Amino acid sequence: MSVRQLKVLVIFFIVGDIAWFLPSLAASIVQQDAWIATIIGSAAGWGLAAFIFWFGMRFPGKTLVDIHRDVAGKWIGGLLSLFFIVHMLSAASAEVRAIGQFVTTQIMMETPMRVILFVFSATVVIALFAGLEALSLTAQVFFLLFVGLSVLLLALLTGELEFSNLLPVLNHSPAEFARSALMLSVFPYGEMTAFLMIFPAVKKEERMFKHYLHAVMWGGLMIIMLVMLSLLSLGAYLTEQQLYPTYTMAKKISIGDFLQRLEFILVISYVMSTFFKCAILIYAAKQAIIQLFKLRYGRAFIMPVGLLMFGFSYIMAPDIVFLNSLAPFWSLWSLSNLIVLVGLIYLLHLFKSRQKKTGAT
Amino acid sequence: MFGILITLGIILIPFLAEGLTLFKKRWYKEAALYTLLLSLGGWFSICTFNVITLPSPFLLLKAAFAPAIKLFGMGE
Amino acid sequence: MPKTHKPQPGNGTLQPDLKNNLDELQRGMGSSSDLIFKELTNNLGWTGALLFIDGLADSVAIRHAIQDFLHIQSRNTSEIHESPVSFLSSKVITAGNTNILSHTNEIYASLLSGGIILLLEGSTECLSIIAEGWKDRSVSEPTSQSVVRGPMEAFTENIRTNTTLVRRKIKDPRLWVQELKIGDVTQTNVAVMHIEGLAEQHIVDEVMERLNRIDIDGILESGYVESFIQDKIYTPFPLIYNTERPDTIAAGLLEGKVAILVDGTPFVLLVPALFVQFFQSAEDYYQRADISTLLRMLRYISFFIAMLAPSIYIAITTFHQEMLPTGLLINLAAQREGVPFPAFVEAVLMEITFEILREAGVRMPKTVGQAVSIVGTLVIGQAAVDAGIVSAAMVIIVSITAISSFVIPAVNFSITVRMLRFPLMGLSASFGLLGILLGMMIIVLHLGTIKSFGVHYLHTFAPFNWRDQKDALFRAPWVWMKTRPSSTGKLNRFRQNPRHWPTGNNKGGSGS
């Protein structure tokens, strides 16, 4: 896998499924200042992503499961990896659920959700069978479409933007900003630990960090753009109250009074990004399972993992209310995963290597 | 009823295709894990197809992080 | 590996007795009436026999051989006694291409390729003179890949003519030809051509290895070879490119590809094949760059139309009616009012009808074919609309789809597109535009796993290669095409002098 493909995957991953819920989540806490919160959150998120990359580069050629095993020993490392696997699996199921929820409530209201979940899961399973290489090639092919559609969205919405929607500025307390920034940084970037399973497969190039950071920043910019657009075109109230503000704002586009209601076309790019995020997460989960239990024939496990993802995506929440109420809990969970699985491990690694040094001398 | 049939089909087909080879090759660790994952996924899928709503496993998550949420004042 | 077909007869060698040899050879061919032998005795008293297959051997060469044998000027006798056959070969026979053979199967091989065998009494060797004299189709225009501007030559069924046509385009000693015979019963000549120093050695070796692995009784067309040597992946996409045109083959060889010529068919294979190749046509390089670029983009658009048009129609009319402008929506609804079938059934019905018409048109005798195709499409389509079986919009969609699929230059690729249409229609009927998106993703994922002789099928689109775009999505002017495509041309990057630029005459006045 080349660095360019990694960049494309990173951008798709970061944009992921945030188009579905992030603007409304941000607006529910800080209303019209959501864009400021997003900028703060994105900046923090870039730090998180950079830290993950840097962590991955300290252990060249090793995936997260290997690192856990090396640093924390077989049993504790295994437990940590198990938590990682659960996190990845539930995140992947959440992606599938997000698509299922969206399609059944907005587009195909008569289709039962389990059908959509099944079809989407089936496609992700096919992606798993195709392999990481094919997935990154596919991402490259679809990236142009993704960028094109996003630019189109931006261009077509310029007629509907009202900057007065951003006033009054900064009338929220720092605590509220902190709350929203926490969620805004963790949701796109918190699951990037998945990339720790992918970094070993990337061909080494010089200045990889620069390219990676490029991609991360572009992803963040897209998030900021989305939140801004929805605030500017819909206003804070609608952004907060609508179930899918991105979809609603795409509904407002009309070209010359005859091309209207093209919202699904524009929303295709977010279906794509959700797909790629889901595929990367489930790939990380599958790799982690194979490496943790040292399985010999990994390909056989794609089907059970896929089935698990499918089933869990239905079970995880009985309805959308419950799903949305999970938001703060999920952000804390992702954060704690990041802290424990990566941060603590790094401290442990430092501690151990210092011990070795003092022991050697 | 139909849902159970579909789910059984979805479970049995990969099992017969790939799971049995694991058993034949006497890779017991792999076979055990395979069966475990497949049955868990199958159980979830049966619930999905038969529209059985279980209490969500995420209630555990909520319970686990409830004190932290209270502390940071993030609940709403 | 057990052979399921019997090997060719003839495992022995020649005996010194002429009569024996003749009987043996005749018996092997069951005294076929076209196996002719003529016994001769020349002025030195040698008895010999001339053996050939009527129709395969050239009659002028036969006459020359007989003449040369019958009148030998006396020479140094010691030379003669050592090996009379080599004496004949080097000092007597005036033909250009001769071999000395002694094994019966070699003799048969030579006879069956248009050889004249000269047997001598008392010798265990014989002389074979290669003199092909059968009737061939002459070099004519290509049937399937014609261009408006460019050479009008096409390959024929004779492998020697074909290698000649390629050699006429590439007059470089580094153009190497390796021949082998494949097929136990047909013994078809297969030639592999590549330019040494441009084509990567591992690809050439891979090709030779895969060809040698073919174990079948007969190769009748390059399609057989194609299916044997292509990468073992289940895919509807063609992994090997074939063409009738020598200039396309020459261009491919210049890019570092390997050509495989099969005797008996004018379709030559080119390996490795990439996705972008199937959108390139020879004419692109002979016309101006801007026209070619537009045409190439048109081909890509046609590819998408041919694959997606019915699916998009089904998806929009079934699930996403809000996307149509109101006027159009009312018209479509009015048209579909009397139609009893859902859009999907309509589409499948019309598509299948169209495929039937298309296949029928291929096999019709030329006089009837034109009428039937016009009758078929217009009248049957119109009649179906009037009868209320399909809606008029559906007929339009199906016609546009069919015509678009003809725009793709490579026929084997358009077959793929036709096949892929149906699953996409099914997906779109069930899941609307989401289904189409997922279907396209699955197709691209599948394409991502395909490698043709070690090169990614999607090369130049992904991994995205800026420099190679000059020949993929659009066609840059020749001055800018400085490097070869990096998929196969890594050994010799530069095609032309990198600093070449057309010099204009900026000063006014008379020419330079």
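Mentor: Let's start with a term: a nonpolar core is a set of buried Ala, Val, Leu, Ile, Met, Phe, Trp, Tyr and Cys residues joined through C-beta atoms within 7 Å. Keep in mind that this is a predicted model.

Trainee: OK, so how many residues does the largest nonpolar core have, and which have the most contacts inside it?

Mentor: It has 225 residues, and A:Ile282 and C:Ile260 have the most contacts inside it. The largest share, 20 residues, comes from helix 12 (residues 263–292) of chain A. Chain C joins in too: domain 2 (159–273) and domain 3 (285–456) each give at least three residues.

Trainee: How do you know that A:Ile282 counts as buried?

Mentor: A:Ile282 belongs to the core, and core members are buried by definition. Buried means 20 or more other C-beta atoms within 10 Å of its own, so A:Ile282 must meet that cut-off.

Trainee: And which residues does A:Ile282 touch?

Mentor: Leaving out residues up to four places away in sequence, A:Ile282 touches A:Ala92, A:Val124, A:Leu128, A:Val305 and A:Met309. Touching means C-beta atoms within 7 Å, so each of those five meets that limit.

Trainee: Which residues does the second core include?

Mentor: That separate core has 26 residues, among them C:Leu25, C:Tyr108, C:Leu119 and C:Leu120.

Trainee: On to the sheets. Why are strand 1 (35–41) and strand 3 (98–101) of chain C called edge strands?

Mentor: Look at the order of that open, antiparallel sheet: 1-2-4-5-3. Strand 1 and strand 3 of chain C each pair on one side only, and that's what makes them edges. From one strand to the next, the twist averages 20°.

Trainee: What makes strand 2 (residues 47–53) and strand 4 (residues 115–120) of chain C a pair?

Mentor: Pairing takes at least two bridges, and these strands have 4, so they pair. They run antiparallel, with C:Leu50 opposite C:Leu118.

Trainee: Which helices lie on this sheet?

Mentor: Helix 1 (residues 18–28) of chain C touches strand 1, strand 2 and strand 4, at about 10° to strand 2. Helix 5 (residues 104–112) of chain C runs at about 140° to strand 4 of chain C.

Trainee: How do you know that strand 8 and strand 10 (residues 268–271) of chain C pair?

Mentor: They share 3 bridges and the cut-off is two, so they qualify. C:Asn242 has C:Leu269 as its bridge partner. The open sheet here has the order 6-7-9-10-8, with strand 6 (175–182) and strand 8 (241–243) of chain C at the edges.

Definitions and conventions
Residues are numbered from 1 along each chain as its sequence is written. Chains are lettered from A and ligands numbered from 1 in the order in which they are written. This is a predicted model: local features need pLDDT of at least 70, side-chain atom pairs count only at pLDDT 80 or more; totals for chains, interfaces and linings use all residues. Axes are lines fitted to C-alpha atoms, for helices over the stretch in contact, and angles run from 0 to 180 degrees between N-to-C directions. Two residues are in contact if their C-beta atoms, placed from the backbone, lie within 7 Å. A residue is buried if 20 or more other C-beta atoms lie within 10 Å of its own, exposed if 12 or fewer, and partly exposed in between; C-beta atoms are placed from the backbone. Domain bounds come from an automatic or database domain assignment.
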